[in-house]
Amino acid sequence: MICRSKTALIKTMKDPVNYVREAAANALEMSDRKDDILDIVRYYEQGGKQEKLSAIFALRQLNDERALPLLIKASQADFD
């Protein structure tokens, strides 16, 4: 289910003004990335060794500073 804010942003993508459409697209992308990060963090926290390593790789690929706390935590973890 799409939340109301995402629904509003999707509707805004049809705005006749170009910079309004661009702003809506950027906001949607940021929102999706935040959801992605939260899902990956959950995957890391609930997973075993292989899942944790996969989550670390995925967070690194996102190249988002919001992933740094978990990446720092993971760098101090013992995976043996």
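This is a short walk through one protein model, from its confidence values to its core, helices and a few selected residues.

The model is predicted. Its mean pLDDT is 80, with 94% of residues reaching 70 or more. Confidence is lowest in helix H1, residues 4–12, where the mean is 78, and highest in H4, where it is 88.

**The core**

A good place to start looking is the inside. The largest nonpolar core is made of 10 residues: Ile37, Ile40, Tyr44, Ala55, Leu59, Leu62, Ala67, Leu70, Ala74 and Phe79. Three helices each put at least two residues into this core: H2 (18–46), H3 (49–62) and H4 (68–75).

Tyr44 is a handy core member to click on. Which residues does Tyr44 contact, leaving aside its neighbours within four places in sequence? The list is Lys52, Ala55, Ile56, Leu70, Ala74, Ala77 and Phe79. Ala55, Leu70, Ala74 and Phe79 belong to the core as well.

**Helix H3, inside and out**

Now for H3 on its own. With 14 residues at 1.5 Å a residue, H3 should span 20 Å, and its end C-alpha atoms are indeed 20 Å apart, so the two values agree. Its buried residues are Lys52, Ala55, Leu59 and Leu62. Look down the axis of H3 and these buried residues fall within an arc of 80°, so they line one face of the helix. Ala55, Leu59 and Leu62 are core residues too, while Lys52 is one of the contacts of Tyr44.

Turn to the face of H3 that points away from the buried side and you'll find the exposed residues Lys49, Gln50, Phe57 and Arg60. After H3 comes Asn63, which has a positive phi, near 55°.

**One salt bridge**

How many salt bridges does the count come to? The count is 1. As a rule, side chains of opposite charge can pair when their charged atoms come close. Here the partners are Asp39 and Arg42, with their closest N and O atoms 2.8 Å apart. Both sit in helix H2, and because they are 3 residues apart there, about one helical turn separates them. In an α-helix there are 3.6 residues a turn, so residues three or four places apart point the same way. Asp39 counts as partly exposed, at 43% relative accessibility, and Arg42 is partly exposed at 43% too.

**A few residues to find**

Three more residues help with getting your bearings. Ile10 is in helix H1 and counts as partly exposed, with a relative accessibility of 40%. Asp35 is placed in helix H2 and is partly exposed, at 33%. Pro16 belongs to the loop between H1 and H2, and with a relative accessible area of 72% it is exposed.

Each of them can be paired with a residue elsewhere in the chain. The table sets the spacing along the sequence beside the C-alpha distance.

| Pair | Apart in sequence | C-alpha distance |
|---|---|---|
| Ile10 and Leu28 | 18 residues | 7.9 Å |
| Asp35 and Ala55 | 20 residues | 14 Å |
| Pro16 and Arg60 | 44 residues | 36 Å |

Two of these partners have turned up already. Ala55 is one of the buried residues of H3, and Arg60 is among the exposed residues on the face of H3 turned away from its buried side.

Definitions and conventions
Residues are numbered from 1 along each chain as its sequence is written. Side-chain values use heavy atoms; hydrogens and water are left out. A nonpolar core is a set of buried Ala, Val, Leu, Ile, Met, Phe, Trp, Tyr and Cys residues joined through side-chain atoms within 4.5 Å. Buried means under 20% relative accessible area, exposed over 50%, partly exposed in between (1.4 Å probe, protein chains only). Helices (H or I, at least four residues) and strands (E, at least two) are DSSP runs, numbered from the N terminus. Contact means heavy atoms within 4.5 Å. pLDDT is the predictor's confidence in each residue, from 0 to 100. A salt bridge is a side-chain nitrogen of Lys or Arg within 4 Å of a carboxyl oxygen of Asp or Glu. The expected span of a helix is 1.5 Å times one less than its number of residues. The arc is that of the directions from the helix axis to the C-beta atoms.
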